[in-house]
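Visitor: I have a model open and would like to go through it. Can we start with the cysteines and move on from there?

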Amino acid sequence: MKWVAQLPYYKIQREIKDGEQRSFPCNRQMYLYKDRVVTRHREFPIKDILDMSYRSMGGSEGMFYLYTSKGVYSYLVECDPESFINTFKEQQMNKIERTGRP
């Protein structure tokens with residue numbers, strides 16, 4: 001099944017080498033499918049996702065929040081995830097219209 005939306009995010013990797021700590025960004029992708037959201041290390045069934053939101057941290061960076069029945073997961077993003085969130089919400093609205101329930 002092909003994804004319907006994707007969102008680039010990054011994680012700050014840290015390593016200690018020669019007694020010096022170094023930090024560098026590791027770029028990753030989040031994919032929205034009709035039945036799940038997939039990140040590099042996690043997979044969330046759509047039925048477990050309650051909501052999504054975004055908070056800008058100034059400039060183009062911000063935090064993307066994925067609210068699930070098992071907790072809240074946060075991801076660093078360099079772009080506004082509005083289209084990703086809107087695609088998710090449209091899918092939810094279409095499901096409600098078809099089935100009469102979320």
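Visitor: How many disulfides does the count come to?

Guide: The count is 0 disulfides, a disulfide being a pair of cysteine sulfur atoms within 2.5 Å. For cysteine 26 the nearest cysteine sulfur is that of cysteine 79, 16 Å away. This is a predicted model, where local features need pLDDT of at least 70 and side-chain atom pairs count only at pLDDT 80 or more, while totals for chains, interfaces and linings use all residues. Residues are numbered from 1 along each chain as its sequence is written, and side-chain values use heavy atoms, with hydrogens and water left out.

Visitor: Is cysteine 26 buried or exposed?

Guide: Cysteine 26 is buried, at 18% relative accessible area. Buried means under 20%, exposed over 50%, and partly exposed in between, with a 1.4 Å probe and protein chains only. Cysteine 79 is partly exposed, at 31%.

Visitor: Now the core. How many residues are in the largest nonpolar one?

Guide: It has 17 residues. A nonpolar core here is a set of buried Ala, Val, Leu, Ile, Met, Phe, Trp, Tyr and Cys residues joined through side-chain atoms within 4.5 Å. Those with the most contacts inside it are Met30, Val37, Ile49, Met52, Phe64, Leu66 and Phe84.

Visitor: Which elements give two or more residues to this core?

Guide: Strands β1 (5–17), β2 (20–32), β5 (49–56), β6 (62–68) and β7 (71–77), and helix α1 (82–99). Helices (H or I, at least four residues) and strands (E, at least two) are DSSP runs, numbered from the N terminus.

Visitor: What is phenylalanine 84 in contact with, leaving aside neighbours within four places in sequence?

Guide: Its contacts are Ala5, Gln6, Leu7, Met30, Tyr31, Leu32, Met52 and Phe64, where contact means heavy atoms within 4.5 Å. Phenylalanine 84 is found in helix α1 and is buried, at 1% relative accessible area. Its C-alpha atom is 7.7 Å from that of leucine 32, with their positions 52 residues apart along the chain.

Visitor: And methionine 52, what is in contact with it?

Guide: With the same exclusion of neighbours within four places, the contacts of methionine 52 include Val37, Phe64, Leu66, Phe84 and Phe88.

Visitor: Different topic. How many bridges join β5 to β6?

Guide: 7 bridges, and the two strands run antiparallel; strands pair if DSSP finds at least two bridges between them. Serine 56 has glycine 62 of β6 as its bridge partner. The hairpin of β5 and β6 has 5 residues between the strands, and glycine 58 there takes a positive phi near 100°.

Visitor: Which residue other than glycine has a positive phi?

Guide: Aspartate 18 is one, with phi near 55°. Most residues other than glycine have a negative phi. Aspartate 18 is in the loop between β1 and β2 and is exposed, at 74% relative accessibility.

Visitor: How many salt bridges does the structure hold?

Guide: It holds 4 salt bridges, each a side-chain nitrogen of Lys or Arg within 4 Å of a carboxyl oxygen of Asp or Glu. Lysine 89 and aspartate 51 form one of them, with the closest N and O atoms 3.8 Å apart. That pair links distant parts of the chain, lysine 89 being in helix α1 and aspartate 51 in strand β5, 38 residues apart.

Visitor: Which residues do salt bridges that share partners join into one network?

Guide: Asp35, Arg36 and Glu43. Within it, the side chains of glutamate 43 and arginine 36 meet at 3.6 Å, N to O.
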